[in-house]
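Work through these exercises with the model open beside you. Try each task before you read its solution.

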Amino acid sequence: MSDAAELNPYADRIGRAFPGGTYDLASWRCWLVADTLVDDPYDETPHPVLAWMAGVAGMGMTWDDLFVWFDATANDGPMFGEHRTTLHRPLEPGASYDVSGRIVSVDRKVGRRAGAFDIVGYELDLHHDGEHVARCYNSIVFPRRSR
Amino acid sequence: MTLAQVQVGAEIPALELTVDPERMKVMAALLADPNPIHFDRRALAALGMDERPVNQGPLNMGYLQTMLARWAGGRDRVVDFRVRFQGNVLAGDLVRARGVVTALQDTERGRVATCDITLEVVGGSVALSGTADVLIGEAA
């Protein structure tokens, strides 16, 4: 293994695209999401957290599938790191969104107490009628205690 | 104070709620999230964890977004939202979402307030912190 690959063994995953898919902001989803948030389920404007939910549900693969890309499983204890949602236009009730996404960063870090861990960043985009509606960025922290 | 009178340093009305494990079960189904730490107390005990289920990240984010939306006059007012996950929220926790305005800017979309935001467990630690941009006025 080259020095670069040893320092960041998953760097070649950067740019890898998710299969993608679609997500419908059905009224029942909007209602239930608002209710789980103890917000008003009768407000017809979709809750902004649905941007992230649409992205994850429509990315075309499961969490376990994503973990496998980084030789990890749920048992390794991957954690959310950071999140960003940018809404270029409001979500629309009843709209169907095309979802696409990709890995955008992989960084190997070593902490004194935590040991080695990888921080994987990915983006998910929502499009509707050809318009870019939202982008969600998330990072996942993969502990690499045994490495 | 009306939104037109908002100045840097203004505090957003806090949102407090007690995390309900029944709502976490619904969210687990909506997310198709099979992780039992969100709904199965027996599985939590087997893992050696606190037997109170762990709240989902999207719910914690959503509480902050709800606070921002109520203050700004609608769910369509949140235009940018950035947070770092710092700790867990457990079923039964009382959480408080807070925010303070740190900058104001007139943009093509309207007047935007940038806010520092925090979700904390009352009597505990910070679960999420970050910043958000919220529309508080129409474009001129």
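## Exercise 1: The two chains

Task: Find what share of the contacts in chain B with a separation of 6 or more comes from residues 24 or more positions apart. Then describe each chain.

Solution.
- Step 1. In chain B, residues 24 or more positions apart account for 67% of the contacts with a separation of 6 or more. This is a predicted model.
- Step 2. Turn to chain A. Take its contacts between residues at least 6 apart in sequence: 70% of them join residues at least 24 apart.
- Step 3. List the elements. Chain B has three helices and five strands. Their order from the N terminus is β-α-α-α-β-β-β-β.
- Step 4. Chain A holds four helices and five strands. Here the order from the N terminus is α-β-α-α-α-β-β-β-β.
- Step 5. Note the dimensions. The C-alpha trace of chain B spans about 60 × 30 × 20 Å along its principal axes. For chain A the spans are about 55 × 35 × 20 Å.
- Step 6. Add burial. Of the 140 residues in chain B, 40% are buried. Of the 147 residues in chain A, 31% count as buried.

## Exercise 2: The sheet

Task: Trace the strand order of the open sheet, and say which strands stand at the edges.

Solution.
- Step 1. The open sheet is formed by 10 strands. Their order is S1(A)-S3(A)-S4(A)-S5(A)-S2(A)-S2(B)-S5(B)-S4(B)-S3(B)-S1(B).
- Step 2. Strand S1 (21-24) of chain A and strand S1 (11-18) of chain B stand at the edges. Each has a single partner strand, so one side of each is left without a neighbour in the sheet.
- Step 3. From one strand to the next, the twist averages 20°.
- Step 4. The pairing is antiparallel. As background, strands of a sheet pair through backbone hydrogen bonds, either parallel or antiparallel.

## Exercise 3: Strand pairs in chain A

Task: How many bridges join S3 to S4, S4 to S5, and S2 to S5 in chain A?

Solution.
- Step 1. S3 (residues 96-111) and S4 (residues 115-128) of chain A are joined by 13 bridges. Within this pair, Gly101(A) stands opposite Leu124(A).
- Step 2. S4(A) and S5(A) are joined by 12 bridges. Gly121(A) stands opposite Ser139(A) in S5(A).
- Step 3. Look at the turn. S4(A) and S5(A) form a hairpin with two residues between them. Asp129(A), in the turn, has a positive phi of about 50°.
- Step 4. S2(A) and S5(A) pair over seven bridges. The bridge partner of Met79(A) is Val141(A) in S5(A).

## Exercise 4: Where the chains meet

Task: How many residues does each chain give to the contact, and which strands pair across it?

Solution.
- Step 1. Chain B gives 26 residues and chain A gives 26 residues.
- Step 2. On the chain B side, H1, H3 and S2 each supply at least two residues. By class, this side has 14 nonpolar, six polar and six charged residues.
- Step 3. S2(A) and S2(B) are joined by five bridges and run antiparallel. Glu82(A) stands opposite Arg84(B) in S2(B).

## Exercise 5: Helices on the sheet and on each other

Task: Which strands does each H3 touch, and how do the helices of the two chains pack?

Solution.
- Step 1. Helix H3 (residues 49-57) of chain A packs on the sheet. This helix touches S1, S2, S3, S4 and S5 of chain A, and its direction makes about 100° with that of S4(A).
- Step 2. Helix H3 (residues 57-72) of chain B lies across S2 of chain A together with S1, S2, S3, S4 and S5 of chain B. The helix runs at about 30° to S5(B).
- Step 3. H3(A) and H3(B) pack at about 150°, with their axes 9 Å apart. Angles over 145 degrees count as roughly antiparallel. H3(A) and H3(B) are therefore roughly antiparallel to each other.
- Step 4. Val49(A), Trp52(A) and Met53(A) meet Pro58(B), Met61(B), Gly62(B) and Gln65(B). The residues of this contact divide into five nonpolar, two polar and no charged.
- Step 5. Now take H2 (residues 27-36) of chain A and H1 (residues 21-31) of chain B. Their axes come within 9 Å and cross at roughly 145°. The crossing is left-handed.
- Step 6. H2(A) contributes Arg29(A), Leu32(A), Val33(A) and Thr36(A), while H1(B) contributes Arg23(B), Val26(B), Met27(B) and Leu30(B). By class, this contact has five nonpolar, one polar and two charged residues.

Definitions and conventions: Residues numbered from 1 in each chain as written. Chains lettered and ligands numbered in written order. Predicted model: local features only at pLDDT ≥ 70, side-chain atom pairs only at ≥ 80, totals over all residues. Pairing = 2+ DSSP bridges. Axes fitted to C-alpha atoms, helices over the stretch in contact; angles between N-to-C directions. Contact = placed C-beta atoms within 7 Å. Left-handed = near helix turned anticlockwise from the far one by under 90°. Nonpolar A, V, L, I, M, F, W, Y, C, P; charged D, E, K, R; others polar. Buried ≥ 20, exposed ≤ 12 C-beta atoms within 10 Å, placed from the backbone. Parallel < 35°, antiparallel > 145°, perpendicular 65-115°, else oblique.
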